[in-house]
Amino acid sequence: MKLLLVYYTGTYNTRFLTDEIERRLLDRGHAVDRVEINRAAKPVETEGYDLIGFGYPVYGFNSPLPFNRYLRRLRFRRGQKYFIYKNSGETFAMNNASSRIVLRRMRRKKLDFCGEYHYVMPYNIHFPFDRAFVREILAEDAKLMEIMLYRLERGIVSEIKSNIIYNLAAAAVSVQKIGGRVNSFFYRVDREKCVKCMRCVRDCPEENIRYEKGKIRFGHRCDMCMRCSFYCPTAAISIGFLEGWKVNGDYRLRDLADDPSPVLPYITAESKGFYRCFYPYFRRIDAEYDRLFSSSEEET
Ligand SMILES: Cc1cc2nc3c(=O)[nH]c(=O)nc-3n(C[C@H](O)[C@H](O)[C@H](O)COP(=O)(O)O)c2cc1C
Ligand code: SF4
Ligand code: SF4
């Protein structure tokens, strides 16, 4: 197959997943092109592709605005096949509503839905995940990716069901619509901490940060992706009303994924509170992975 992966990423979790999907597809002999959405990205020509993957992080139970805007600019062939690979920091069922805009748009354009997959990735907002937890997440994601590719190659469609309540609630809390614009008035850089590395200026996907008269300045087209504050080497950026939820510091996903030491279970049947919902989610992946791959491995 010839595939196109179109994705948006704030703090590069979705880019990491895209790298992993691309690598597995290439290993299987498929051809892959990819587009990372940012302000400068031109609409890609979709015509020659057998299958298109749309990747995005969940933002406030929705797909990110720049992602929605970019999709609106694309032209597709009637009946063109697509799938969704989204990710978020938790597995709450409300996240299921996040694809409603993409699904509706693709239905209108008469595309052929081939499945939707939800990956967990570490939070880039709220609170940082423990290293051991991230390693377990990445191990489960790797299994889900094998399941996803197995199904895509065989035309097995898997749906993630939402409902009218979640959809309405997700529409109501679509934080980005005005949140990013309003919040951007309150972004500040601590001049004592800032080492003027210019990483934030270079990396903002919206080209919303500039260096002027010795100061870092923010414009008002922020999409709340958190890239600037997450990767600032000195945690110098404060992010307005989200400051209490700021997460700063690279998870180093590649190093964690490549770490050869055994992945120990961080989530158990006894996990409580926020962590409780991960146990059934991981076990469902394990069960499906074993069902698909264990018997064939034993035979070989
Ligand atoms: C503005 C914002 C809103 C978010 N909302 C949610 C959410 O509703 N549910 C969730 O599970 N994670 C949420 N997250 C966490 C991200 O979905 C998660 O960390 C994701 O892996 C980030 O991917 P990226 O690095 O590609 O941007 C939110 C993150 C941001 C920045
Ligand atoms: S990334 Fe941080 S340290 Fe670097 S220029 Fe921006 S605010 Fe300053
Ligand atoms: S200003 Fe920061 S949070 Fe806003 S879009 Fe740019 S990098 Fe993302």
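This is a short dialogue on how to read a predicted model with two domains and three ligands.

Visitor: What should I know about the numbering and the model before I start?
Guide: Residues are numbered from 1 along each chain as its sequence is written, while chains are lettered from A and ligands numbered from 1 in the order in which they are written. The model is predicted: local features need pLDDT of at least 70, side-chain atom pairs count only at pLDDT 80 or more, and totals for chains, interfaces and linings use all residues.

Visitor: Into which domains is the protein divided?
Guide: Domain bounds come from an automatic or database domain assignment. Here domain 1 covers 2–171 + 253–266, and domain 2 covers 179–245. Their centres, taken over C-alpha atoms, are 26 Å apart. Eleven residues from domain 1 and eleven residues from domain 2 make the contact. Contact means C-beta atoms, placed from the backbone, within 7 Å.

Visitor: How do the residues on the domain 1 side of that contact divide by class?
Guide: Ala, Val, Leu, Ile, Met, Phe, Trp, Tyr, Cys and Pro count as nonpolar; Asp, Glu, Lys and Arg as charged; the others, Gly among them, as polar. The side of domain 1 that touches domain 2 has five nonpolar, five polar and one charged.

Visitor: Which residues come nearest to ligand 1?
Guide: A residue is near a molecule if its C-beta atom, placed from the backbone, lies within 6 Å of it. Ligand 1 has 23 residues around it, and Gly10, Asn13, Thr14, Pro57 and Ser88 come nearest. α1 and β4 (81–88) are the elements that give two or more residues to this shell. Helices (H or I, at least four residues) and strands (E, at least two) are DSSP runs, numbered from the N terminus. By class, the shell holds eleven nonpolar, eleven polar and one charged. Domain 1 and domain 2 each supply at least three residues to the shell around ligand 1.

Visitor: Which residues are closest to ligand 2?
Guide: Cys194, Cys197, Arg199, Cys200 and Cys232 are the closest of 14. The shell around ligand 2 has eleven nonpolar, one polar and two charged.

Visitor: And which come nearest to ligand 3?
Guide: Among 13 residues, Cys204, Cys222, Cys225, Arg227 and Cys228 come nearest. The shell around ligand 3 divides into nine nonpolar, one polar and three charged.

Visitor: How many ångströms should helix α1 span?
Guide: The expected span is 1.5 Å times one less than the number of residues. Helix α1 (residues 13–27) has 15 residues, so it should span 21 Å; its end C-alpha atoms are 21 Å apart, which agrees. Gly29 follows α1, with a positive phi near 90 degrees.

Visitor: Which residues of α1 are buried?
Guide: Buried means 20 or more other C-beta atoms within 10 Å of a residue's own; exposed means 12 or fewer; partly exposed lies in between, with C-beta atoms placed from the backbone. In α1 the buried residues are Asn13, Thr14, Phe16, Leu17, Thr18, Ile21 and Leu25.

Visitor: Which residues touch the most other members of the largest nonpolar core?
Guide: A nonpolar core is a set of buried Ala, Val, Leu, Ile, Met, Phe, Trp, Tyr and Cys residues joined through C-beta atoms within 7 Å. The largest has 45 residues; Val6, Leu51, Ile52, Phe54, Tyr82, Tyr85 and Tyr119 touch the most other members. α4 gives the most to this core, with six residues. A second, separate core has 23 residues, including Cys222 and Ile237.

Visitor: What does Tyr85 touch?
Guide: Leave out residues up to four places away in sequence. Tyr85 then touches Leu17, Ile21, Gly53, Gly55, Tyr117, Tyr119 and Met148.

Visitor: Where does Lys213 lie, and is Lys213 buried or exposed?
Guide: Lys213 sits in the loop between β7 and β8 (215–218). Lys213 counts as exposed because it has 5 C-beta neighbours inside 10 Å. Its phi is positive, about 45 degrees, although Lys213 is not a glycine.

Visitor: Where is Lys196 placed?
Guide: Lys196 is in the loop between β6 (187–189) and α7 (199–203). The phi of Lys196 is also positive, near 55 degrees. With 13 other C-beta atoms within 10 Å, Lys196 is partly exposed.

Visitor: What does Arg210 touch?
Guide: Arg210 lies in strand β7 (residues 209–212). Arg210 touches Val201 and Arg217, not counting residues up to four places away in sequence.

Notes
Two residues are in contact if their C-beta atoms, placed from the backbone, lie within 7 Å.
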